[in-house]
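Reader: Could you take me on a close look at one part of this model, the first helix and its surface, and then show how the rest of the chain fits around that picture? I would enjoy one connected account.

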Amino acid sequence: MTYIKNDEFLFDLADLFKVFGDSTRLRIMNVLFNGPTSVGEIAQALDMSQSAISHQLK
């Protein structure tokens with residue numbers, strides 16, 4: 001049986017999956033797939049506040 005021995009890699013991988021576990025972040029990513037977009041444009045597209053978008057991007 002083969003397994004990953006690098007704990008740092010596993011922690012980074014877990015953090016990556018957290019991103020995909022939040023529907024708001026997925027909605028933001030969907031907007032960003034169209035190209036560079038300002039926080040204001042994302043907020044408008046998703047009917048959310050700029051503060052909420054900034055918090056998710058953090």
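Author: Happy to. A helix here is a DSSP run of H or I with at least four residues, and a strand is a run of E with at least two. By that rule, this predicted model has four helices and zero strands in its protein chain. Read from the N terminus, the elements follow the order α-α-α-α.

Let us go straight to helix α1, which covers residues 7-20. Its surface takes part in a nonpolar patch of about 380 Å², made by L16, F17, F20 and L26. Three residues of that patch come from helix α1, the largest share. F20 lies in helix α1, and its relative accessibility is 39%. Partly exposed covers the range between under 20% for buried and over 50% for exposed, so F20 counts as partly exposed at its 39%. In soluble globular proteins, nonpolar side chains tend to be buried together. The side chains of L16, F17, F20 and L26 instead form a patch on the surface.

The same stretch of chain also carries a charged pair. The side chains of D15 and K18 meet in a salt bridge, with 3.6 Å from N to O. A search of the whole structure finds one salt bridge. The spacing is easy to follow: D15 and K18 are three residues apart in helix α1, so about one helical turn separates them. As for their surroundings, D15 counts as partly exposed because its relative accessibility is 41%, while K18 has a relative accessible area of 54% and is exposed.

Now for the buried side of the story. The largest nonpolar core has six residues, namely I28, V31, I42, A43, L46 and I53. Helices α2 (23-32) and α3 are the elements that each give two or more residues to this core, and α3 supplies the largest share, three residues. I42 is a good place to stand within the core: leaving out residues up to four places away in sequence, I42 touches I28, V31, L32, T37 and I53.

Helix α2 also holds T24. T24 is buried, as its relative accessible area is 17%. Apart from neighbours within four places in sequence, T24 is in contact with M48 and Q56.

One backbone detail deserves a stop on the way. Most residues other than glycine have a negative phi. D47 is not a glycine, yet its phi is positive, at about 55°. D47 sits in the loop between α3 (39-46) and α4 (50-57), where it is exposed, with a relative accessible area of 74%.

Stepping back, how does the whole chain compare with a compact globule of 58 residues? Such a globule would have a radius of gyration near 10 Å, but this protein chain has 15 Å. Along its principal axes, the C-alpha trace spans about 50 × 20 × 15 Å. Buried residues make up 16% of the 58 residues, and the chain exposes about 4800 Å², with carbon and sulfur atoms supplying 56% of that area. Finally, of the contacts between residues at least 6 apart in sequence, 22% join residues at least 24 apart.

Terms used
Residues numbered from 1 in each chain as written. Predicted model: local features only at pLDDT ≥ 70, side-chain atom pairs only at ≥ 80, totals over all residues. Heavy atoms only, no water. Patch = residues over 30% accessible without salt bridge, like charges linked within 9 Å, V, L, I, M, F, W, Y side chains within 5 Å. Areas by Shrake-Rupley, 256 points an atom, 1.4 Å probe, with all protein chains shown as cover. Salt bridge = Lys/Arg side-chain N within 4 Å of Asp/Glu carboxyl O. Buried < 20%, exposed > 50% of the residue type's maximum accessible area, 1.4 Å probe, protein only. Rg over C-alpha atoms; globule rule 2.2 N^0.38 Å. Contact = heavy atoms within 4.5 Å. Core = buried A, V, L, I, M, F, W, Y, C linked by side-chain atoms within 4.5 Å.
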